[in-house]
Amino acid sequence: MSSTERPTAPILGVDESKDLKAFYHNVAYKTNRVAINLEKMKILKDRLGECVRKEGVNYIDKCEQLTKRYEAAVRVCQWNSGTHSRPRNIGNILEKEKEIQAQLKGEGALAA
C-alpha cells in the first residue's frame, strides 16, 4: 500500500505493539472510516432538516427512517480515545448496567 491509498480493511490477528506497519495501517483505516462516516452524518443531517421543513407537523411520521439513519450514523461516529476516554453515561446507563450485572452475579447466572 502506498502512502496515497486508503486502507480498505484492517489487519487482524497481529500484535500491533510489535508490528508497527499493522498499527499504522489500522490507525489510518479507523481514521478514514471516521472521516467517511462524519461526511455521511452531515449529509443525513441536511436531508433530515429538509424533510422536517417540507413535512411540517407530520415530520415525526414522514421522516422516521431518516431519523433512524441519522441516529445510527451518530453512534458510529463516536471516537473512543482509548483508556483515557471519559465514559458517556447518558441516563445513568453505566450504573444501571453495573446493578444488573451485580444482580445476575448474586443469582449465579453470570460467571465471574
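In this predicted model, Leu 20, Phe 23, Tyr 24 and Val 27 come together to make a nonpolar surface patch of about 390 Å². Val 27 belongs to helix α1, which runs over residues 20–55. How much of Val 27 shows at the surface? Its relative accessibility is 38%, so Val 27 counts as partly exposed.

Two other members of the patch, Phe 23 and Tyr 24, can be looked at in the same way. Phe 23 has a relative accessibility of 32% and is therefore put down as partly exposed. Tyr 24 reaches 54%, so Tyr 24 goes into the exposed class, the cut-off for that class being over 50%. These residues also turn up in a search for aromatic pairs, which finds one in the whole structure. That pair is Phe 23 with Tyr 24, and its geometry is edge-to-face. The ring centres sit 5.2 Å apart, with 70° between the planes. An angle over 60 degrees is what earns the edge-to-face label.

Next comes the disulfide, and the structure holds one. In general, a disulfide is a covalent bond between the sulfur atoms of two cysteines. Here the partners are Cys 51 and Cys 63, whose sulfur atoms are 1.9 Å apart. Where along the chain do Cys 51 and Cys 63 lie? Cys 51 is in helix α1, while Cys 63 is in the loop between α2 (59–62) and α3 (64–76). The two are 12 residues apart, and their link joins distant parts of the chain. The link also has a handedness: with -95° about the S-S bond, the connection of Cys 51 and Cys 63 is left-handed.

Are the two cysteines buried or exposed? Cys 51 has a relative accessibility of 12%, so Cys 51 counts as buried. Cys 63 is at just 1%, and therefore counts as buried too. The cut-off used for this call is under 20% relative accessible area.

Back in helix α1, there is also Asn 37 to consider. Asn 37 has a relative accessible area of 14%, so this residue is buried. Which residues does Asn 37 touch, once those up to four places away in sequence are left out? The answer is Val 76 and Cys 77.

Put together, helix α1 holds Val 27, Asn 37 and Cys 51. Val 27 is partly exposed, whereas Asn 37 is buried, and so is Cys 51.

Notes: Residues numbered from 1 in each chain as written. Predicted model: local features only at pLDDT ≥ 70, side-chain atom pairs only at ≥ 80, totals over all residues. Heavy atoms only, no water. Patch = residues over 30% accessible without salt bridge, like charges linked within 9 Å, V, L, I, M, F, W, Y side chains within 5 Å. Areas by Shrake-Rupley, 256 points an atom, 1.4 Å probe, with all protein chains shown as cover. Salt bridge = Lys/Arg side-chain N within 4 Å of Asp/Glu carboxyl O. Helix = DSSP H or I, 4+ residues; strand = E, 2+ residues; numbered from the N terminus. Buried < 20%, exposed > 50% of the residue type's maximum accessible area, 1.4 Å probe, protein only. Disulfide = S-S within 2.5 Å. Contact = heavy atoms within 4.5 Å. Phe/Tyr/Trp six-rings, centres within 6.5 Å; stacked < 30°, edge-to-face > 60°.
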